[in-house]
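Please examine the sequence and the three-dimensional structure shown below. The explanation that follows begins with the charged side chains and then turns to the fold, the interior and the surface.

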Amino acid sequence: MPIYEYACRSCTDKFEKLQEIKSMNHAPPCPQCGSESDRQLSVFSSLISDFAREIPAVPTPSQGGGCCG
């Protein structure tokens with residue numbers, strides 16, 4: 001499950017919430033004041049992509065068997 005970032009409309013507190021993807025448009029109430037919140041643009045996916053590019057591909061050892069092993 002991804003972590004989404006939200007900002008409170010009233011007190012401007014920012015918080016994160018672990019939510020299912022199907023619930024991403026259902027903003028939870030602010031944990032500080034209970035007011036409505038808006039989901040912010042998440043940047044974690046670009047960080048993961050940049051990190052993945054820096055890791056060289058490591059071949060996995062063959063377990064044998066199969067047509068090509």
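In this predicted model, Arg 9 and Glu 36 are both exposed. Their side chains nevertheless meet in a salt bridge, with an N to O distance of 2.7 Å. This pair links distant parts of the chain, since Arg 9 belongs to the loop between E1 and E2 and Glu 36 to the loop between E2 and E3, 27 residues apart. Arg 9 also forms a salt bridge with Asp 38, where the closest N and O atoms are 2.8 Å apart. Here too distant parts of the chain are linked: Asp 38 is in strand E3, 29 residues from Arg 9 in the loop between E1 and E2. Asp 38 is partly exposed, because its relative accessible area of 32% falls between the limits of 20% for buried and 50% for exposed.

A further salt bridge joins the side chains of Glu 20 and Lys 22, at 3.6 Å from N to O. Through shared partners, salt bridges join Arg 9, Glu 36 and Asp 38 into one network. The count of salt bridges comes to 3.

These interactions can now be placed within the overall fold. The protein contains 1 helix and 3 strands, and its elements run β-β-β-α from the N terminus on. Of its 69 residues, 16% count as buried. Among contacts between residues at least 6 apart in sequence, 31% join residues at least 24 apart.

Which residues make up the largest nonpolar core? It consists of 5 residues: Tyr 4, Tyr 6, Cys 8, Phe 15 and Cys 30. Strand E1 (residues 3-8) supplies the largest share of this core, 3 residues. In soluble globular proteins, nonpolar side chains tend to be buried together.

A polar residue is buried as well. Ser 37, in strand E3 (residues 37-39), has a relative accessible area of 5%, and therefore counts as buried. Leaving aside residues up to four places away in sequence, Ser 37 touches Tyr 6, Ala 7, Cys 8, Arg 9, Phe 15, Ala 27 and Pro 28. With Pro 28 there is a polar approach: a polar atom of the Ser 37 side chain lies 2.5 Å from the backbone oxygen of Pro 28.

Finally, the surface. The protein exposes about 5700 Å², of which carbon and sulfur atoms supply 56%. Met 1, Ile 3 and Leu 18 make a nonpolar surface patch of about 330 Å²; Leu 18 is found in strand E2 (residues 14-18).

How values were computed:
Residues numbered from 1 in each chain as written. Predicted model: local features only at pLDDT ≥ 70, side-chain atom pairs only at ≥ 80, totals over all residues. Heavy atoms only, no water. Patch = residues over 30% accessible without salt bridge, like charges linked within 9 Å, V, L, I, M, F, W, Y side chains within 5 Å. Areas by Shrake-Rupley, 256 points an atom, 1.4 Å probe, with all protein chains shown as cover. Salt bridge = Lys/Arg side-chain N within 4 Å of Asp/Glu carboxyl O. Helix = DSSP H or I, 4+ residues; strand = E, 2+ residues; numbered from the N terminus. Core = buried A, V, L, I, M, F, W, Y, C linked by side-chain atoms within 4.5 Å. Buried < 20%, exposed > 50% of the residue type's maximum accessible area, 1.4 Å probe, protein only. Contact = heavy atoms within 4.5 Å. Polar contact = N/O pair within 3.5 Å; in protein donor to acceptor, adjacent residues only side chain to side chain.
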